[in-house]
Amino acid sequence: MATGDIKAISNLERNADGTDYIEALNYSVVGFEPGSVVKPISMMIALEDGLVDNLEEVIPIGASWAYAGGRPITDSHYNGSLKVREVIEQSSNIGMARIITRGYDKNPKGFVERLRSIGFLEPMNTGIAGERVPYFNPDPARVDLSRMCYGYSTEIPPLYTLSIYNAIANDGVYVKPRLVKELISTNGVDSVLPVAYMGNGRACSQQTAERMRMMLTQVVWGAHGTGKMLRNDKV
């Protein structure tokens, strides 16, 4: 956690005729539209920027929310309203969009620059072939903003998403994923590769990280958590 050491990566996929599994493209460094796993990143920024502070504040949700002339945003299940702390627990697209647009409605590009400021858009240089950086429209419209904040209209490699989750677990300290810890030469001399950092080394404050861990815990253990099917003695 504190070192960023990668313990394992799984890259298996079906072969062409579907009879076996093969190692092919390393999907951990390839960009995909990630969906709801981005919501904690947006909530982290919202807390850091003061867009929300009181986790008990009630956010109006409803059946849909039309924003900036775009197609109405919907959730997979209906809520008349949610508290801020429940937006992640119940994975609310509407709740996340309402919160982020508070601060970036007049400057959608500022949201992308905010991600850049913490190092989220810089190369990781893991040494894995095909590594890409996340893609966000550099000059997004307001509608793009309302989609990006809950994981659509973006392309993010899974390793980048995991790096932010690791920073949240690591009290906000943002370390680069590390695939190689040390090199040992034929004469037995070690060359230790130091822990490196993304951006200025911090994704968020310790207080924000603590609040995010609480919200993420509720995804599994909350009464209405979307991940409650994962409850067991190891989660």
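Just after helix 6, D171 takes up a positive phi of about 55°. That's a good place to start looking around this model, which is a predicted one. D171 isn't a glycine, yet its phi is positive all the same. Most residues other than glycine have a negative phi. You'll find D171 in the loop between helix 6 (158-169) and strand 7 (173-175).

**Around helix 6**

Step back from that loop and you're in helix 6. It has 12 residues and reaches 17 Å from its first C-alpha to its last, close to the 16 Å expected at 1.5 Å a residue. Quite a few of its residues are tucked away: L159, Y160, T161, S163, I164, N166, A167 and I168 are buried. What sits over them? The cover for the buried residues of helix 6 includes helix 1 (39-49), strand 7, strand 10 (197-202) and helix 7 (206-221).

I164 is worth a closer look. Setting aside neighbours within four places in sequence, I164 is in contact with I41, M44, I118, F120, Y174 and A203.

**The nonpolar core**

I164 turns up again in the largest nonpolar core, which has 54 residues; M43, M44, I100, F111, F120 and I164 are the ones that touch the most other members. Two or more residues of this core come from each of helix 1, helix 2, helix 3, helix 4 (108-117), helix 5 (142-148), helix 6 and helix 7.

Another residue to find on the model is F136, in strand 5 (residues 135-136). Is F136 buried or exposed? F136 is buried, because its relative accessible area is 7%, and the limit for buried is under 20%. Not counting residues up to four places away in sequence, F136 touches V112, L115, F120, L121, M148, T154 and I156. For a sense of distance, the C-alpha atoms of F136 and N170 are separated by 25 Å, with their positions 34 residues apart along the chain.

**Helix 7**

Now over to helix 7, one of the elements covering helix 6. Its 16 residues should span 22 Å at 1.5 Å a residue, and its end C-alpha atoms are 22 Å apart, so the two figures agree. The buried residues here are T208, A209, R211, M212, M215, V219 and V220, and they pack against helix 1, helix 2 and helix 6.

Take T208 as an example. T208 counts as buried because its relative accessibility is 4%. Beyond its neighbours within four places in sequence, T208 is in contact with M44, L47 and E48.

**Salt bridges**

Side chains of opposite charge can pair when their charged atoms come close. The count for this model comes to 9 salt bridges, and three of them are listed here.

| Pair | Closest N to O distance |
|---|---|
| D49 and R114 | 2.8 Å |
| R85 and E56 | 2.8 Å |
| R213 and D171 | 3.1 Å |

Start with D49 and R114, which form a salt bridge. This pair links distant parts of the chain, with D49 in helix 1 and R114 in helix 4, 65 residues apart. D49 is partly exposed, with a relative accessible area of 31%, whereas R114 is buried at 18%.

Next, R85 and E56 meet through their side chains in a salt bridge. R85 lies in helix 2 and E56 in the loop between helix 1 and strand 3 (58-60), so the pair ties together parts that are 29 residues apart in sequence. R85 counts as partly exposed at 23% relative accessibility, and E56 is partly exposed too, with a relative accessible area of 38%.

The third pair brings us back to D171, whose side chain meets that of R213 in a salt bridge. R213 lies in helix 7 and D171 in the loop between helix 6 and strand 7, so parts 42 residues apart in sequence are tied together. R213 is partly exposed at 29% relative accessibility, and D171 is partly exposed at 28%. Some salt bridges share partners, and these join E56, K83 and R85 into one network.

**Two more stops**

S91 also has a positive phi, about 50°, although it is not a glycine. S91 is found in the loop between helix 2 (84-89) and helix 3 (93-104).

Finally, which residues form a nonpolar patch on the surface? I9, L179, V180 and L183 do, with about 300 Å² of accessible area together. L183 lies in strand 8 (residues 182-184) and is partly exposed, with a relative accessible area of 46%.

Terms used: Residues are numbered from 1 along each chain as its sequence is written. This is a predicted model: local features need pLDDT of at least 70, side-chain atom pairs count only at pLDDT 80 or more; totals for chains, interfaces and linings use all residues. Side-chain values use heavy atoms; hydrogens and water are left out. Patches are made of residues with over 30% relative accessible area and no salt bridge: like charges are joined within 9 Å, nonpolar side chains (Val, Leu, Ile, Met, Phe, Trp, Tyr) within 5 Å. Accessible areas come from the Shrake-Rupley method with a 1.4 Å probe; for residues, only the protein chains shown count as cover. A salt bridge is a side-chain nitrogen of Lys or Arg within 4 Å of a carboxyl oxygen of Asp or Glu. Helices (H or I, at least four residues) and strands (E, at least two) are DSSP runs, numbered from the N terminus. Buried means under 20% relative accessible area, exposed over 50%, partly exposed in between (1.4 Å probe, protein chains only). The expected span of a helix is 1.5 Å times one less than its number of residues. Contact means heavy atoms within 4.5 Å. A nonpolar core is a set of buried Ala, Val, Leu, Ile, Met, Phe, Trp, Tyr and Cys residues joined through side-chain atoms within 4.5 Å.
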